[in-house]
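Me: Could you take a close look at one part of this model, the aromatic side chains and the charges placed over their rings, and then set the helices beside that picture? I would like one connected account.

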Amino acid sequence: MFEKLEKVLGPVAVKLSSNKVLTAIRDGFLVGTPLLIVASIFLVVGNFPVPGYSEFIAQFFGEGWENYLDAIINATFGVVALIGVIGIGYYYGKAKGIEGIAGAAAALVAFLILSPQSHPLYVNADGKTFGGFAFRNLGTAGLFVAMITALVSVTIFAAIKNKGWTIKLPEGVPPAVSNSFAALIPSMFVMIFFFIIRLIFNFTEYKYAHDFVYKILQTPLMGFGRSIIFEPVYQFLSTLFWFFGINGPAVTNTVFGPIHLALTTENLAAFTAHQPLPNIFTGPFGDFFGNFGGGGSTLSLVLLMIFAGKSERMKKLGKLSIVPGIFGINEMVIFGLPVVLNPIILIPFLLVPLVNIGLSTAATLVGLIPYTTGASLPWTTPLFFSGWLSTGSIIAGLFQILLVAIGCVIYYPFFRVLDEQYLKDETKPVEENNDDLDDISLDDISFD
């Protein structure tokens, strides 16, 4: 079974890994991986799901101490699209044969040209409109625009430079000065192009490229409403976006979030009035019974990495990811494994959340686990406690543990294939180095 799976998925992975565009996107997002890992630790500290924890810490640091951590979180998660556009621009520039830093700079400027710089809905006491770049557009919601912008801007830059439309300085000029002048004309074309794109959007109903992307993604989702396929479709689309490096809920929640909120509020009102709870698909149900350890329910994958991994990459990444994963944070797995654009892990990554939702829905309908009460819990609430507190039943917490075990079974064959590939990658360089050293002879060396 493993050999057949490897024969099917192996060639696909090779083709994708050799594609310049996909490789640039993958490597570009890896630039921010260490930053996201460190920021995840601070995110857990600020949202540790223990009753009275915040009040206890407040005795030492004062009320609202969590706000101090926003400086780190906003500087990483808040600008992940900004980091991504720089990384993708850098690696795609190198792939196109130009200076990586020149590609990164061009991509960054192009992205900022497209981003809204004034926000009419936000006016201060003096009646002045807020001006500047919003974290919403620079963060996960802007990732899709960032990827397109980086690829297009570097393509234009490389095309102009390859045509020879550059300023060439005499020999003897320092390389830094020469390279900066060589990038002048290609940068001008990039900036003019994206300025025209901005103007075009300004004369449409969308106004900005970011809004265009949001509305194009939102429109197909509007017809689903409260049907039985509502939650499965939400989980599938959110997970699919994650596969492309985009924070899925940041996109889909713009449509599904208000609906989830309404359903949750109805359950809370009914629970308070001691009436039958009307809705299965509430916000807590999707958060605590669809995914464990983050999008794709990767907690099952992390457990396999720790206890069944053979490659050092799997074992070390699993150990780094387990604590954040317990609290629903899995960016280090998404971008560090990576899950992004990884065809081997795509099937279980999409399937496990759907299986979780299907089994949880069936368990709720037959009365094995109660409906969620509508109680608001932090999304970082760990496994077992989240199921227990959101339904008031310990059985729901135990059912979550069962779902994680089922997720491990589904992930295992695909994890095995990926782990074997990483193990080969780790041993191959050692073999190559040994062969090279064996060929070296010192007999002909002379100091005369």
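Reply: In this predicted model, Arg313 lies over the face of Tyr422, at 4.1 Å from the ring centre. A second charge of this kind belongs to Lys163, which sits over the face of Trp165 at 5.9 Å from the centre of that ring.

As for rings set against rings, the count comes to 12 aromatic pairs. One of them joins Tyr90 and Tyr91, whose ring centres are 5.2 Å apart and whose planes stand at 85°, so the pair is edge-to-face, the cut-off for that class being over 60 degrees. Tyr90 has a relative accessibility of 31% and counts as partly exposed, and Tyr91, with a relative accessible area of 31%, is partly exposed as well. Trp165, the ring beneath Lys163, pairs with Phe189: the centres of these two rings are 5.8 Å apart and their planes lie at 40°, so this pair is tilted. The contact links distant parts of the chain, since Trp165 belongs to the loop between α9 (143–162) and α10 (175–182), whereas Phe189 belongs to helix α11 (residues 184–202), 24 residues apart. Both partners count as partly exposed, Trp165 at 42% relative accessibility and Phe189 at 32%. Elsewhere, Phe201, Tyr206 and Phe212 form one aromatic cluster.

Turning to the helices, α13 (residues 230–243) has 14 residues that, at 1.5 Å a residue, should span 20 Å, and its end C-alpha atoms are 20 Å apart, which agrees. Of these 14 residues 11 are buried, so α13 is largely enclosed by the rest of the structure. The buried residues of α13 include the aromatic residues Phe230, Tyr234, Phe241, Trp242 and Phe243, and among the others are Glu231, Gln235, Ser238 and Thr239, together with Val233 and Leu237. Just after α13, Gly245 takes a positive phi of about 85°.

The last element to consider is helix α17 (residues 312–326), whose axis comes within 8 Å of the axis of helix α16 (residues 299–307), the two crossing at roughly 140°. Because that angle falls outside the ranges for parallel, antiparallel and perpendicular, with roughly antiparallel starting only over 145 degrees, α16 is oblique to α17. The crossing in which α16 passes α17 is left-handed.

Methods:
Residues are numbered from 1 along each chain as its sequence is written. This is a predicted model: local features need pLDDT of at least 70, side-chain atom pairs count only at pLDDT 80 or more; totals for chains, interfaces and linings use all residues. Side-chain values use heavy atoms; hydrogens and water are left out. Helices (H or I, at least four residues) and strands (E, at least two) are DSSP runs, numbered from the N terminus. The expected span of a helix is 1.5 Å times one less than its number of residues. Buried means under 20% relative accessible area, exposed over 50%, partly exposed in between (1.4 Å probe, protein chains only). Rings of Phe, Tyr and Trp (its six-membered ring) pair if their centres lie within 6.5 Å; planes under 30 degrees apart count as stacked, over 60 as edge-to-face and the rest as tilted. A charge sits over a ring if NZ of Lys or CZ of Arg is within 6 Å of the ring centre and within 35 degrees of the ring normal. Axes are lines fitted to C-alpha atoms, for helices over the stretch in contact, and angles run from 0 to 180 degrees between N-to-C directions. Angles under 35 degrees count as roughly parallel, over 145 as roughly antiparallel, 65 to 115 as roughly perpendicular and the rest as oblique. A crossing is left-handed if the near helix is turned anticlockwise from the far one by less than a right angle, and right-handed if clockwise.
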